[in-house]
Amino acid sequence: MPIKWVLHWQPNQGSTVSTQILNEVTQCLESINGVREGRWKATLNYYKPIVRDQAAAYELPRDFLGISLAEQPSKYYFIISTQRIILEADASIQMIMEKLQSYKSRVTLYFEGSQYQLGDFRLRVGKVVPINSENLRGIVMEVEYLPLSSMEKAKQVMYEFLEICQEALSKRSLPGYFMHIAPNFGEFGLSDNYSPQHTAVQYAFIVAHLIASVQAMRN
């Protein structure tokens, strides 16, 4: 599977994310010859246990994330970040969880936007919104380098491509920049060879960052 970095928009101090910024980013990609290929969407759920027996509560993970990815519609991925565990399941597991009523989805976030082709790169740029809401919580960009699946071999090419993107965005004087958080994939038992599990872990780290940012603003 091609190497992919998932980035999020980091607003400058005192500014926030907005639809205008998202529009500017997509226009920027088109200005550097990005060819729009269509739409894409990913869905992330934040689960908490439904505790009926307090004695059993300590045996259950306190919370975890579940995510469905556009490129793997038949799969569903669970991430328990505190224990550095990631699991792949069939997409039908969500229906099974609803029937078992052992965990409940407390928060659902949609990642949705447009997909572009730019040479050997595929880019997906979109907004982060809660279910049943248009309240923008963030902006994400997936950068996929199609020729390679080794993260180590692709690292330099990815950095150079991002520099080109950042330079193009800087000309628009936007109040922020795209940030790449690099998880330690080895802690999750993942190798250098890229897989959908790597993508799921990156989304988990981005959501944790977004939640921390919202809490910091409230404080």
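**Exercise 1. The faces of β3**

Determine, for this predicted model, which residues of β3 lie on one side and which on the other, and whether the two faces are covered or open.

*Solution.* Begin with the general rule that in a regular strand the side chains alternate between the two faces of the sheet. On one side of β3 stand Phe64, Gly66 and Ser68, and on the other stand Leu65, Ile67 and Leu69. Next, consider burial: all of these residues are buried, and both faces of β3 are therefore covered. The count for the strand agrees, since six of the six residues of β3 are buried.

**Exercise 2. The strand partners of β3**

Identify which strands pair with β3, in what sense they run, and how many bridges join them.

*Solution.* Take strand β2 (residues 35–49) to start with: β2 and β3 pair in the antiparallel sense over five bridges, and within this pairing Tyr47 stands opposite Phe64. Turn then to strand β4 (residues 72–80), which runs antiparallel to β3 and is joined to it by four bridges, with Gly66 of β3 standing opposite Phe78 of β4. Finally, look at the connection between β3 and β4, which form a hairpin with two residues between them.

**Exercise 3. Aromatic pairs**

Classify the ring pair of Phe64 and Tyr103, and explain why this pair ties together parts that are apart in sequence.

*Solution.* A search of the whole structure finds 11 aromatic pairs. For Phe64 and Tyr103, the ring centres are 4.7 Å apart and the planes stand at 65°, so the pair is edge-to-face, the cut-off for that class being over 60 degrees. Phe64 belongs to strand β3 (residues 64–69) and Tyr103 to strand β6 (residues 103–118), so the pair ties together parts that are 39 residues apart in sequence. As for accessibility, Phe64 counts as buried at 8%, and Tyr103 counts as buried at 12%.

A further pair, formed by Phe188 and Phe205, is also edge-to-face, with 6.3 Å from centre to centre and 70° between the planes. Phe188 lies in the loop between β9 (176–180) and α5 (196–218), whereas Phe205 lies in helix α5, and the two are 17 residues apart. Here Phe188 counts as buried at 8% relative accessibility, while Phe205, at 21%, counts as partly exposed.

To widen the view, note that Tyr47, Phe64, Tyr76, Phe78 and Tyr103 form one aromatic cluster. An aromatic ring also takes part in a contact with a charge, as the charged end of Lys41 sits over the ring of Tyr110, 4.1 Å from its centre.

**Exercise 4. Helix α1 and its cysteine**

Describe the span and surroundings of α1, and explain why the sulfur of Cys165 makes no bond with that of Cys28.

*Solution.* Helix α1 (residues 19–31) has 13 residues and reaches 18 Å from its first C-alpha to its last, close to the 18 Å expected at 1.5 Å a residue. Its buried residues are Ile21, Leu22, Glu24, Val25, Thr26, Cys28 and Leu29, and what covers them includes β1 (3–11), β6, β7 (121–130), β8 (138–145), α4 (151–170) and β9. After the helix comes Asn33, whose phi is positive, near 75°.

For the cysteines, the structure holds zero disulfides, and the cysteine sulfur nearest to that of Cys28 belongs to Cys165, 7.1 Å away. That separation is too far for a bond, because a disulfide requires sulfur atoms within 2.5 Å. Cys28 is buried at 2% relative accessibility, and Cys165 is buried too, with a relative accessible area of 4%.

Note on methods: Residues numbered from 1 in each chain as written. Predicted model: local features only at pLDDT ≥ 70, side-chain atom pairs only at ≥ 80, totals over all residues. Heavy atoms only, no water. Phe/Tyr/Trp six-rings, centres within 6.5 Å; stacked < 30°, edge-to-face > 60°. Buried < 20%, exposed > 50% of the residue type's maximum accessible area, 1.4 Å probe, protein only. Lys NZ or Arg CZ within 6 Å of the ring centre and 35° of its normal. Pairing = 2+ DSSP bridges. Expected span 1.5 Å × (residues − 1). Contact = heavy atoms within 4.5 Å.
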